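User: I'm new to looking at protein models, and I'd like a close look at one part of this one. Could you walk me through it slowly?

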Amino acid sequence: MNIEILIGKLLNYYQIKTLNDLAIKLDTTQSTISGWKARNAIGALTDTVANKAPEVLEYIFSSNPDINNFQNSNNKVSGFSSLILHIK
């Protein structure tokens, strides 16, 4: 796995665009995140995310692009109506 992908997913999850904004969300510095990128330090990134917002780990490691992001959504579950049809 490439740290660039994980950082991209974090930016998407938080609906932000810059490493500085991500640093603020994770309570770290932009230079720390840049260092992680340079070293592909996935462990350091995931440790920080787990300590700050553990629920985000599932999102960034999910291979499902349709995973729902309740924090930044209108609380709609993708495909929920088809799930109800299958239950009936």
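Is Gly8 buried, partly exposed or exposed? And please tell me about the helix around that residue, too.

Analyst: Happy to, and keep in mind that this is a predicted model. Gly8 sits in helix 1. With a relative accessible area of 35%, Gly8 is partly exposed, because that label covers the values between under 20% (buried) and over 50% (exposed). You can also place Gly8 against Thr18: the two are ten residues apart along the chain, and their C-alpha atoms are separated by 9.9 Å.

Now for the helix itself. Two packed helices are described by the angle between their axes and the distance between the axes, and we can use both here.

Start with helix 2. Helix 1 covers residues 3–14 and helix 2 covers residues 19–26; their axes are 10 Å apart and meet at an angle of about 75°. So helix 1 runs roughly perpendicular to helix 2. Who touches whom? On the helix 1 side you'll find Ile7, Leu10, Leu11 and Tyr14, and on the helix 2 side Leu19, Leu22, Lys25 and Leu26. Sort the residues in this contact by class and you get seven nonpolar, no polar and one charged.

Next comes helix 3, residues 30–39. Helix 1 packs against helix 3 at an angle of about 145°, with the axes 9 Å apart. Here Ile3, Glu4 and Ile7 of helix 1 meet Ile33, Trp36 and Lys37 of helix 3. By class, this contact has four nonpolar, no polar and two charged residues. Take another look at Ile7: this residue is in the contact with helix 2 and also in the contact with helix 3.

Glu4 and Lys37 deserve a closer look, since they form a salt bridge, with their closest N and O atoms 3.6 Å apart; the cut-off for a salt bridge is within 4 Å. The pair ties together distant parts of the chain: Glu4 belongs to helix 1 and Lys37 to helix 3, 33 residues apart. The count for the model comes to one salt bridge. How open are the two partners? Glu4 is partly exposed, at 44% relative accessible area, and Lys37 is partly exposed as well, at 28%.

For a contrast with Gly8, try Thr46, which is in helix 4 (residues 42–52). Thr46 counts as buried, at 14% relative accessibility. Leaving out residues up to four places away in sequence, Thr46 touches Leu57 and Phe61.

Note on methods:
Residues numbered from 1 in each chain as written. Predicted model: local features only at pLDDT ≥ 70, side-chain atom pairs only at ≥ 80, totals over all residues. Heavy atoms only, no water. Axes fitted to C-alpha atoms, helices over the stretch in contact; angles between N-to-C directions. Helix = DSSP H or I, 4+ residues; strand = E, 2+ residues; numbered from the N terminus. Parallel < 35°, antiparallel > 145°, perpendicular 65-115°, else oblique. Contact = heavy atoms within 4.5 Å. Nonpolar A, V, L, I, M, F, W, Y, C, P; charged D, E, K, R; others polar. Salt bridge = Lys/Arg side-chain N within 4 Å of Asp/Glu carboxyl O. Buried < 20%, exposed > 50% of the residue type's maximum accessible area, 1.4 Å probe, protein only.
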